[in-house]
Every structure is written in structure tokens, then in C-alpha cells.
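Trainee: Could you take me through one part of this protein slowly, as I am new to reading structures? I would like a close look at the salt bridges and what surrounds them.

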Amino acid sequence: MCRVCTAVPVTGEPHVTIGADRGFTFDHVFDLPTPQATVYADCVHNLVEGIFDGFNATVLAYGQTGSGKTYSMGTGFETATVDEEVGIIPRALAHVFNGIDRRREEAKLEGRVEPVFDVSVQFIELYNEEIIDLLAEDRGTSKGLRIHEDHKGEIYLQGATAAPVKNAHEEILRKRGEMYRCFIRWLSDRGISRCCCLVSDSDENAAVLSPGSSDVDALLCD
Ligand SMILES: Nc1ncnc2c1ncn2[C@@H]1O[C@H](COP(=O)(O)OP(=O)(O)OP(=O)(O)O)[C@@H](O)[C@H]1O
């Protein structure tokens with residue numbers, strides 16, 4: 001028997017109905033040839049800008065296997081060698097550090113106190129409900145990390161390595177990239193690849209940028 005399984009309104013509204021009654025609204029749909037820069041500009045750029053105003057941000061890739069999560073996040077074994085193919089995580093890192101440089105430069109030109117930023121990254125892998133610290137010297141000992149909630153209701157990972165980074169080209173990110181690619185290969189041999197990158201940006205001179213907010217997190221998740 002033939003029946004309609006997916007329907008979109010002819011009016012062009014951003015809505016799709018799956019089956020008889022499961023409706024979903026969306027902001028954007030991108031076709032396969034859409035440039036990575038367009039995906040970043042439409043979906044991620046404002047989130048990263050927002051962290052400078054004290055907003056936390058999360059980018060979560062979700063979908064069936066082979067649908068392009070790793071490609072879009074830019075963390076796969078086949079990491080982009082050409083600029084057009086660079087994905088969300090490396091773009092976001094460059095964006096954060098360019099944003100820091102720009103704000104410091106603007107403050108200097110306007111005779112204001114230059115804001116100071118501390119940026120650190122964590123790379124966490126979630127596999128079979130186990131959290132693994134990809135930045136730990138000995139990954140074996142990183143097992144058993146626990147998720148906690150602090151008194152403000154914010155979620156944090158106790159004991160996960162947080163590596164301070166000063167720019168998007170730093171050694172730890174390069175090493176992380178190599179490590180990540182090895183790990184992706186190891187995981188894909190086992191039929192799974194899932195990872196998170198948590199960029200934490202805490203400015204010591206918070207009042208200059210955004211009164212009352214000194215710690216923000218960008219969570220980028222494949
Ligand atoms: N927009 C795209 N343009 C070109 N190639 C793409 C695109 N999206 C995905 N691919 C390619 O499709 C293949 C599968 O994509 P990818 O590995 O990102 O999927 P995935 O959703 O992460 O899969 P899994 O859940 O199995 O990890 C890869 O070879 C990737 O390079």
C-alpha cells in the first residue's frame with residue numbers, strides 16, 4: 001500500500017509533517033552542495049558572537065549514520081585540506097580568537113582597558129555511556145569522569161582536562177586534531193564516532209564586555 005510519509009506545506013512554511021501527525025518546524029534546510037561557510041554563517045556565527053555577550057551556546061549534530069554530522073562539524077578523519085571544506089569546530093575556534101583580537105584592538109584604539117580573555121578547551125568522548133577525556137595524558141585513567149550540577153544548576157564535568165589555549169593554531173589543538181583523527185578511525189572500525197568539544201571562554205575583565213557574566217561555554221558536539 002502506498003501512502004504519504006512526509007509532507008511539507010505548499011505555502012512554503014518551514015514545517016514538515018512526518019507520518020500522520022508528527023510535525024516539526026525548522027529554520028534552515030541545506031542541500032548537499034551547500035558550502036560549509038554558508039552553514040556556519042546561517043547557523044553558528046551568531047551563537048559564537050553571543051558568547052562575547054555572556055551567552056552559552058551549543059551546536060549539536062544529530063542524525064542517522066552517514067548523514068554528514070562529522071563532515072559538517074569538521075572533525076572527521078578526512079579533515080578538510082581546502083578552506084571551503086573546513087567545518088564548524090575549526091571555524092568556531094578561529095571565530096573566537098579573531099573576536100578576541102578584534103575586541104582587544106578596538107579597546108586599544110578607543111583608549112579603553114584592553115579586555116583579558118582566558119580560553120580553555122576540553123575534548124570529551126561519550127561512548128557506551130562512558131565519558132572519556134581525549135586530552136588526558138593517559139586515556140585509560142580518564143575513565144570514570146562524572147557529570148555534576150553546581151549550585152547555580154550548571155552542568156560540569158569533574159576531573160576533565162581543560163587545556164588553556166591562546167590562539168586557534170596552538171599545539172594542543174593540533175595534537176588534539178591528530179589524536180581525534182586516530183580516535184575517529186578507531187571508533188569507526190567499531191562502527192561509532194561521537195565527540196564533543198567544549199570551548200570555555202572566561203574573560204577576567206568581564207565588566208568591559210558584558211557586566212555580570214564572566215564565564216561562558218560553547219559546546220560543539222558531533
Ligand atoms: N555536504 C557534504 N559534502 C560532501 N561530502 C559530504 C557532505 N556531507 C557528508 N559528506 C561525506 O559523506 C560521508 C559520511 O559523512 P559523515 O561521516 O560526516 O557522516 P556522519 O553523520 O558523521 O556518520 P556517522 O554517524 O556514521 O559517524 C563522508 O565521506 C563525508 O565526507
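Mentor: Happy to! Let's start with a definition: a residue is called buried when its relative accessible area is under 20%, exposed when that value is over 50%, and partly exposed in between. Take R104 as a practice case: its relative accessible area is 30%, so R104 is partly exposed. Please keep in mind that this is a predicted model.

Now to the salt bridges themselves. The structure holds 5 of them, and R104 belongs to one, with E114 as its partner. In that pair the closest N and O atoms are 3.0 Å apart. R104 sits in helix α3, while E114 lies in the loop between α3 and β5 (117-127), so this salt bridge ties together parts that are 10 residues apart in sequence. Try the cut-offs on the partner too: E114 has 27% relative accessibility, so E114 is also partly exposed.

Next, look at R103. Its side chain meets that of E49 in a salt bridge, at 3.2 Å from N to O. Here the partners come from distant parts of the chain: R103 is in helix α3 (residues 88-109) and E49 is in helix α1 (residues 36-51), 54 residues apart. What about their surroundings, buried or exposed? R103 has a relative accessible area of 12%, which is under 20%, so R103 is buried. E49, at 21%, counts as partly exposed because its value is not under the 20% cut-off. This pair is also part of something wider, since E49, R102, R103 and E106 are linked in a network of salt bridges.

One further pair is worth a visit. R112 forms a salt bridge with E110, and the closest N and O atoms are 3.0 Å apart. R112 is partly exposed at 37% relative accessibility, whereas E110, at 54%, is over the 50% cut-off and therefore exposed.

Helix α3 has a second role in this picture, in the nonpolar core. The largest such core has 25 residues, and I88, I100 and V121 touch the most other members. At least two residues of this core come from each of α1, β4, α3, β5 and β9 (163-165). The largest share, 7 residues, is supplied by α3. Helices α1 and α3 therefore appear in both stories: they are joined by the salt bridge of R103 and E49, and each supplies residues to the core.

For contrast, let's move to another region. An unreviewed UniProt entry carries the annotation "binding site" for G63, Q64, T65, G66, S67, G68, K69 and T70. From this set, G63, G66, S67, G68 and K69 are in the lining of the largest pocket. Compare two of the annotated residues. G66 is in the loop between β4 (57-60) and α2 (69-73), and its relative accessible area of 77% is over 50%, so G66 is exposed. T70 is in helix α2, and with 19% it falls under 20%, so T70 is buried.

Finally, step back to the whole chain. There are 5 helices and 11 strands, and 34% of the 222 residues count as buried. Among contacts with a separation of 6 or more, 54% are between residues 24 or more positions apart. The accessible surface comes to about 14100 Å², and carbon and sulfur atoms account for 53% of that area.

How values were computed: Residues numbered from 1 in each chain as written. Predicted model: local features only at pLDDT ≥ 70, side-chain atom pairs only at ≥ 80, totals over all residues. Heavy atoms only, no water. UniProt positions renumbered as here; feature names shortened; annotations may be inferred. 1 Å grid on protein atoms, 1.4 Å probe; cavity = no way out; pocket = protein on both sides within 12 Å on 5 of 7 lines; lining within 4 Å. Helix = DSSP H or I, 4+ residues; strand = E, 2+ residues; numbered from the N terminus. Buried < 20%, exposed > 50% of the residue type's maximum accessible area, 1.4 Å probe, protein only. Salt bridge = Lys/Arg side-chain N within 4 Å of Asp/Glu carboxyl O. Core = buried A, V, L, I, M, F, W, Y, C linked by side-chain atoms within 4.5 Å. Contact = heavy atoms within 4.5 Å. Areas by Shrake-Rupley, 256 points an atom, 1.4 Å probe, with all protein chains shown as cover.
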